[in-house]
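Here are two short exercises on metal sites, each with a worked solution. Have the model open beside you as you go.

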Amino acid sequence: MFGVIGRATAKNALAVGAGLAAIGFGVAVLAPVQAVAQDNHEITVSITKFKALDKADELSNGDFFAKVTIDGKSQTTAQISDKAEVHPDWKITQAVPAGVHKVKLELIDKDVSVDDPIDINRLDRKRDLDFAVDTRTGKIEGFTKTYKSGDTITRTGAEKKKAEISFVVTVK
Ligand SMILES: [Ca+2]
Ligand SMILES: [Ca+2]
Ligand SMILES: [Ca+2]
């Protein structure tokens with residue numbers, strides 16, 4: 001697009017008005033192109049189960065919630081305070097265009113000052129989970145094996161303030 005504008009401007013090097021008209025034309029052409037990329041697919045991350053493996057809080061049970069970020073847009077779930085295995089059935093859904101999308105899953109203990117990120121990734125110095133979801137194929141990549149839409153994925157942290165978490169990613 002800039003190349004087209006550049007050539008048009010060069011041809012009319014002295015005619016500033018023509019250059020501005022070309023830029024205006026460029027914007028008018030861009031608008032319908034963006035409208036074609038409709039958010040007609042959907043990614044849902046359901047956290048079906050988690051269990052804290054040590055204490056997230058010193059004096060009480062942890063108060064946990066999940067944060068799911070899809071293509072840079074974050075949503076959080078409600079909070080659950082429990083020391084036992086929890087089946088929260090938290091669901092986060094986001095409409096997306098067809099294709100591959102980056103997803104980040106975090107389990108967090110809510111604290112008064114700074115929240116505690118709970119370790120759900122067995123890698124050292126990495127507490128959250130990053131993966132990519134292809135809404136066209138239903139494949140979920142970024143783990144040691146490739147999962148597909150509807151599979152239950154279970155991961156366990158190994159550092160201090162850790163949990164085991166199970167979740168399902170579905171696409172439609
Ligand atoms: Ca805490
Ligand atoms: Ca807490
Ligand atoms: Ca870790």
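Donors are N, O and S atoms within 2.8 Å of the metal (3.2 Å for Na, K and Ca), and since water is not among the atoms, sites may look incomplete. This is a predicted model, where local features need pLDDT of at least 70, side-chain atom pairs count only at pLDDT 80 or more, and totals for chains, interfaces and linings use all residues. Residues are numbered from 1 along each chain as written, chains are lettered from A and ligands numbered from 1 in written order, and side-chain values use heavy atoms, without hydrogens and water.

**Exercise 1.** Find which residue bridges the calcium ion (ligand 2) and the calcium ion (ligand 1).

*Solution.*
1. List the donors of ligand 2: Asp-57 (OD, twice), Asp-63 (OD), Asp-109 (OD, twice), Lys-110 (O) and Asp-111 (OD), at 2.3 to 2.8 Å.
2. Along the chain, these donors have the spacing D-x5-D-x45-D-K-D.
3. The bridge is Asp-57, and the two ions lie 3.8 Å apart.

**Exercise 2.** Decide which geometry label fits the site of the calcium ion (ligand 3).

*Solution.*
1. Its donors are Asp-119 (OD, twice), Asn-121 (O), Leu-123 (O), Lys-126 (O) and Glu-159 (OE), at 2.2 to 2.7 Å.
2. Six donors count as octahedral if opposite ones are over 155 degrees apart and all others between 65 and 115; four count as square planar by those limits, or tetrahedral if all angles lie between 85 and 135 degrees; anything else is irregular.
3. The angles among the 6 donor atoms run from 50 to 163 degrees, and the site is irregular.
4. The donor spacing reads D-x1-N-x1-L-x2-K-x32-E.
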